[in-house]
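Please open the model in the viewer and follow the selections below in order.

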Amino acid sequence: QVHLVESGGTLVQPGGSLTLSCTASGSILGFNVMGWYRQAPGKERERVATITSTRTSVYADFVKGRFTISRPYADNTVYLQMNNLKPEDTAVYYCKLQTPDDEWWGQGTQVTVSS
């Protein structure tokens, strides 16, 4: 069984920066994709960025140039570096791990961008 734990969410001012982290525990073998999704109040969950076990990353248009997803080799931790944060980035951010056969979600971490 895989368990995901996220951390790093907090209150930050517009224009500020924040780094989220997510660590996956358990046996994870073969090709997989880790990613960040977010859900704002009253809105559907949306994909922010994903990165494969071969380190190919994909970003949503609304974060290109501001957010960077990374995944160091030799562990199952994924980071989301967020710069130039905007009030519309306020949401619960969720980590997801997906394999060809299954997927797991973290519990979410709240990011609030406000002055």
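Begin by selecting Ser7 and Ser21: Ser21, in β3, is the bridge partner of Ser7. The model in view is a predicted one. Extend the selection to β1 and to strand β3 (residues 18–25), which pair in the antiparallel sense over five bridges.

Next, display the whole sheet to which these strands belong. The sheet is open and has four strands, in the order β1-β3-β8-β7, with antiparallel pairing. Its edge strands, β1 (3–7) and β7 (67–70), each pair on one side only. On average, neighbouring strands of this sheet are turned by 15° against each other, direction ignored.

Now turn to the aromatic rings, of which the structure holds two pairs. Select Tyr37 and Trp105: the ring centres are 5.0 Å apart and the planes stand at 65°, so this pair is edge-to-face. Tyr37 lies in strand β4 (residues 33–39) and Trp105 in strand β10 (residues 103–105), so the pair ties together parts that are 68 residues apart in sequence. Tyr37 is buried, with a relative accessible area of 14%, whereas Trp105 is partly exposed, at 33%.

Keep Trp105 and add Tyr94. Their ring centres lie 6.5 Å apart with the planes at 85°, so this pair is also edge-to-face. Tyr94 is in strand β9 (residues 91–98) and Trp105 in strand β10, eleven residues apart. Tyr94 counts as buried, because its relative accessibility is 14%. Through these ring pairs, Tyr37, Tyr94 and Trp105 are linked into a cluster.

Finally, select Arg45. Arg45 lies over the face of Tyr94, at 3.7 Å from the ring centre. The charged end of Arg45 also sits over the ring of Trp105, 4.6 Å from its centre.

Technical notes:
Residues numbered from 1 in each chain as written. Predicted model: local features only at pLDDT ≥ 70, side-chain atom pairs only at ≥ 80, totals over all residues. Heavy atoms only, no water. Pairing = 2+ DSSP bridges. Helix = DSSP H or I, 4+ residues; strand = E, 2+ residues; numbered from the N terminus. Axes fitted to C-alpha atoms, helices over the stretch in contact; angles between N-to-C directions. Phe/Tyr/Trp six-rings, centres within 6.5 Å; stacked < 30°, edge-to-face > 60°. Buried < 20%, exposed > 50% of the residue type's maximum accessible area, 1.4 Å probe, protein only. Lys NZ or Arg CZ within 6 Å of the ring centre and 35° of its normal.
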